[in-house]
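Hi,

Here is the structure I promised to pass along. Have a look at it first, and then read on for what turned up when I went through it.

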Amino acid sequence: MPTSPIKVLLVEDQADISRNIADYFESKGSVVDFAYDGEQGLSLALSNYYDCIVLDLMLPKMDGLQVCLQVRKIADRHIPIIMLTARDTLDDKLQGFGQGADDYLTKPFALEELWVRCMALSQRHTLNTSHTLTIGDISLNKQTFHVTRQGKEVFLQPIPLKILRVLMESHPRAISRSELCEKIWGDEPTDSDALRSHIYQLRKAIDKPFSSPVIKTLHGVGFALDVISNVTK
């Protein structure tokens, strides 16, 4: 099963730099949201789910250091942040790390290096963890794609399998339809009927043979797993 595309927030006030970064990231399958000032960047960071934030230091309205500090104070999860800046002294870098940045890249930089760093940050949480996701009575092996519920094997087609994995990795957070589509199909267009069909297939396999359903639809929000939160990743 291919890796889900990462979703990146790019906070950069120079349009040409933003476009170059976005074009390169999107060619790699990433989904990119833009912000052109610090206040907009902070608002997006706190209201959406991102795998990584690329944050310029010098921004209108609120500089990158303040954005980083506020994200660390307010966000309910650790969002990886890589800071971009033309400042290259040790003190500047220490200041960025002191405000909560995970990485630091000095302008000018190679797009390939920025991409690799973002991928490394977004995947860091998966290091030194089990290959098996276990939530409630559902287990999914991320290497073999073997799924069980209540100890019984469950057979899933590739897309319903990816949906289940996204729901398990997001648990206990609910995931919106748009975010789910982005993680499954990236920027490739799909319609609500396709998603509905795959959700139906997932429910048919993971819910109907058992006494209690676990795939929960939250109207106006999206989907979540309705299970006791004993999560092993």
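**What I found**

There are zero disulfides in the structure. Two cysteines are still worth a look: C68 counts as buried because its relative accessibility is 0%, and C181 is buried as well, with a relative accessible area of 17%. Bear in mind throughout that this is a predicted model.

For the overall picture, the protein has eight helices and 12 strands. It is made up of 233 residues, and 44% of them count as buried. If you take the contacts with a separation of 6 or more, residues 24 or more positions apart account for 60% of them.

**The parallel strands**

I'd start with β1 (residues 7–11). Five of its five residues are buried, so the strand is largely enclosed by the rest of the structure. Both faces are covered, with K7, L9 and V11 buried on one side and V8 and L10 on the other. Note the lysine in that list: K7 is one of the buried residues.

Which strands does β1 pair with? One is β2, in the parallel sense over five bridges, and there the bridge partner of V11 is A35. Another is β3 (residues 52–56), also parallel, joined to β1 by four bridges. In that pairing V8 stands opposite C52.

β3 tells a similar story. Five of its five residues are buried, so it too is largely enclosed by the rest of the structure. C52, V54 and D56 are buried on one side, and I53 and L55 on the other. Four bridges also join β3 to β4 (residues 81–85), again running parallel. There D56, one of the buried residues of β3, stands opposite L84.

**D37 and its surroundings**

D37 sits in the loop between β2 (31–35) and α2 (38–47). Is this aspartate buried or exposed? It is buried, because its relative accessible area of 13% is under the 20% cut-off. A polar atom of its side chain lies 3.0 Å from the backbone nitrogen of E39. Leaving aside neighbours within four places in sequence, D37 is in contact with V11, P60 and K61. V11 is the β1 residue that has A35 as its bridge partner in β2.

**Helix α3**

Another aspartate, D63, caps the N-terminal end of α3: one of its side-chain oxygens lies 3.1 Å from the backbone nitrogen of L65. Within α3 (residues 64–74), the buried residues are G64, L65, V67, C68 and V71. Looking down the helix axis, these residues fall within an arc of 165°, so they line one face of α3. The general background is that an α-helix has 3.6 residues a turn, so residues three or four places apart point the same way.

L65 itself is part of α3 and is buried, with a relative accessible area of 8%. Its C-alpha is 9.0 Å from that of L55, and the two residues are 10 apart in sequence.

**The nonpolar cores**

Which residues touch the most other members of the largest nonpolar core? They are L164, L180 and I206, out of 29 residues in that core. The elements giving two or more residues to it are β6 (132–135), β7 (138–141), α6 (158–170), α7 (177–185), α8 (192–206) and β11 (222–225). Of these, α6 gives the most, with six residues.

Apart from this core lies another one, of 19 residues, with L42, L55, L59 and V67 among them. You have already met L55 on β3 and V67 on α3.

Back to I206: not counting residues up to four places away in sequence, it touches I138, V147, R149, V154, L164, V214 and I215.

**The β10–β11 hairpin**

Last stop: β10 (residues 215–218) and β11 pair in the antiparallel sense over four bridges. T217 stands opposite F223 in β11. The two strands form a hairpin with three residues between them, and G220 in the turn has a positive phi of about 85°.

Cheers

Key
Residues numbered from 1 in each chain as written. Predicted model: local features only at pLDDT ≥ 70, side-chain atom pairs only at ≥ 80, totals over all residues. Heavy atoms only, no water. Buried < 20%, exposed > 50% of the residue type's maximum accessible area, 1.4 Å probe, protein only. Arc of directions from axis to C-beta. Polar contact = N/O pair within 3.5 Å; in protein donor to acceptor, adjacent residues only side chain to side chain. Core = buried A, V, L, I, M, F, W, Y, C linked by side-chain atoms within 4.5 Å. Contact = heavy atoms within 4.5 Å. Pairing = 2+ DSSP bridges. Disulfide = S-S within 2.5 Å.
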